[in-house]
Amino acid sequence: MKPTRFGPSLYGTNRFCMASSSPLHVAVIGTGIVGASAAHFLAAAGARVTLLDASGPAAGATGASDGAVSVASKRPGPMMDLARHARAFYVRHERDGLFRGLFHRRSTFLVARTAIEADLVTRHGADLAAAGERVVEVDRATLLARIPGLGDSVCAALEIPDDGHALGYEITQRLLATSRVDIRRNAPVSEIVMRAGRACGVLIRDEFLPADAVLVAAGIGSAPLLGLGEILIPRKGQMAVTDRATTAGPAIDGHLMAASYLAAKRGIVRDNSHIGLVIDPLMTGQFLIGGSREDHRSDHSTDAVTIAAILREALDLYPPLAARRVLRSFAGVRSASRDGLPIVGPHPHRPGVVIATGFEGDGICLGPFMGASAARLLLGERPEADLSSLSPQRLVRAEVHA
Ligand SMILES: Cc1cc2nc3c(=O)[nH]c(=O)nc-3n(C[C@H](O)[C@H](O)[C@H](O)COP(=O)(O)OP(=O)(O)OC[C@H]3O[C@@H](n4cnc5c(N)ncnc54)[C@H](O)[C@@H]3O)c2cc1C
């Protein structure tokens, strides 16, 4: 086979090149933030990209989420380290113009309301500092000066000053608007087609679309495509959104993250553990308030009991919310892997297929960086960060087949 313009590379020869001088053609399944990012960076490198979505851009979790680009919320270990890379990726592309006006730096405040929560926040702060993150202890008086009206129950807080915010659907739109990719809406992929031991395209209903390589970035839709039913589960999240403040810009000086959210992320079960509270001040002056974590729920309905529980906790943490109108509630579906880590890398048994899914509640933060990393893998290049802990290979003994 003749090498194409994409190989060979530092990361070994390009396993996805075909014997022609035409550019690599990649079928990307899923037009969420991850697929859009992969498509953008593949196209920027000269590949031909067909983006396929069962519905349309940002129709999945990306369009029904909050936008915390937060290292503060991550479990210690690979997730915290990768989130630092991912946030730096946002900063870099805010500076070079790609994410200009869409990514905003702002602090995360981790707040505790009981002695047990204060202990959890302190331990988490130590983990963040050990990972190289700036962490500032904030006493109640200082916190009240920064966030007037904060609830009486708040007894301890840490500020993580280098976090940020971006709305997933805005980032997705920007990535697509700035690339030459072919987007096909209402194009549900039912099968990845293999020929002579490697991927040669996909089936969209009865239509065969040939491709040199396939990226599966279909969020929870990746599970049936890859036979990951037991490994990748849907986790519904409900949120509420308020009206706008009369003043422009965020209504408070940072993102409030309750210890209950950290507990949910660190796998610590509490009585009301299906709610991990965050109060997120948007650039519009609105608040996004969330959210629930409901396993094996893939519907998009909201219910009064869950929304009421979220709002009760939110009012305890930040009573001034009582003066705001709740405009609407909505729900999105996260894709959660059994071991809590995303699944990113070449398919263990299907040459020509790369997987990038399982981002649970972290895909707005990680998505652009992970999409770019998946693009590098498809191009035969080494990703900027070590992704070995996310490798689909770890699931081989479990269930990745099909
Ligand atoms: C309530 C809530 C709050 C959140 N808050 C945050 C937050 O603050 N910070 C953060 O970092 N993350 C957050 N997340 C998580 C984040 O939204 C997701 O991790 C991220 O959007 C996942 O992006 P994705 O591209 O992998 O998947 P998705 O956005 O789900 O995109 C997958 C796409 O694939 C398409 N698709 C599925 N199956 C097929 C098929 N067979 N053929 C063709 N197309 C298909 C779907 O239509 C969809 O458009 C939140 C999520 C929820 C639900």
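The domain assignment divides the protein into domain 1 (1-105 + 164-230 + 339-402) and domain 2 (107-162 + 232-337). The model examined here is a predicted one. The centres of domain 1 and domain 2, taken over C-alpha atoms, are separated by 28 Å.

The contact between these two parts can be described in several ways. In terms of residues, 39 from domain 1 are in contact with 35 from domain 2. The size of an interface is often given as the accessible area lost when the parts come together. For domain 1 and domain 2, this buried area is about 2800 Å², and carbon and sulfur atoms give 57% of it. On the side of domain 1, the residues that lose the most area to domain 2 are A72, I220 and E360, which together account for 24% of what that side buries. Charged groups also take part, for there are five salt bridges between domain 1 and domain 2. Elsewhere in this account of charged pairs, one may note R84 and E133, which form a salt bridge whose closest N and O atoms are 2.5 Å apart.

The interior may be considered next. The largest nonpolar core has 70 residues, and L42, Y90, L110, L215 and M370 are those with the most contacts inside it. Helix α9 (residues 363-378) gives the most to this core, contributing 10 residues. Each of domain 1 and domain 2 supplies at least three residues to this core. Y90 illustrates such packing: apart from its neighbours within four places in sequence, Y90 is in contact with I33, V69, F99, F103, A166, I171, I364, C365 and P368.

Cysteines deserve a separate remark. A disulfide is a covalent bond between the sulfur atoms of two cysteines. A search of the whole structure finds zero disulfides. As for the surroundings of individual cysteines, C200 counts as buried because its relative accessible area is 13%, under the limit of 20%. C155, in contrast, is partly exposed, with a relative accessibility of 46%.

Finally, the backbone has some notable details. A cis peptide bond joins G290 and G291, with omega at about -20°. Of this pair, G291 is found in strand β17 (residues 287-292). A58 is not a glycine, yet has a positive phi of about 60°. A58 is located in the loop between β2 (48-52) and β3 (68-69), and is buried, with a relative accessible area of 14%. R205 is likewise not a glycine and has a positive phi, of about 50°. R205 is found in the loop between β11 (198-204) and β12 (207-210). With a relative accessibility of 53%, R205 counts as exposed, because the limit for that class is over 50%.

Conventions:
Residues numbered from 1 in each chain as written. Predicted model: local features only at pLDDT ≥ 70, side-chain atom pairs only at ≥ 80, totals over all residues. Heavy atoms only, no water. Core = buried A, V, L, I, M, F, W, Y, C linked by side-chain atoms within 4.5 Å. Buried < 20%, exposed > 50% of the residue type's maximum accessible area, 1.4 Å probe, protein only. Helix = DSSP H or I, 4+ residues; strand = E, 2+ residues; numbered from the N terminus. Domains from an automatic or database assignment. Contact = heavy atoms within 4.5 Å. Disulfide = S-S within 2.5 Å. Buried area = accessible area lost by both parts, 1.4 Å probe. Salt bridge = Lys/Arg side-chain N within 4 Å of Asp/Glu carboxyl O.
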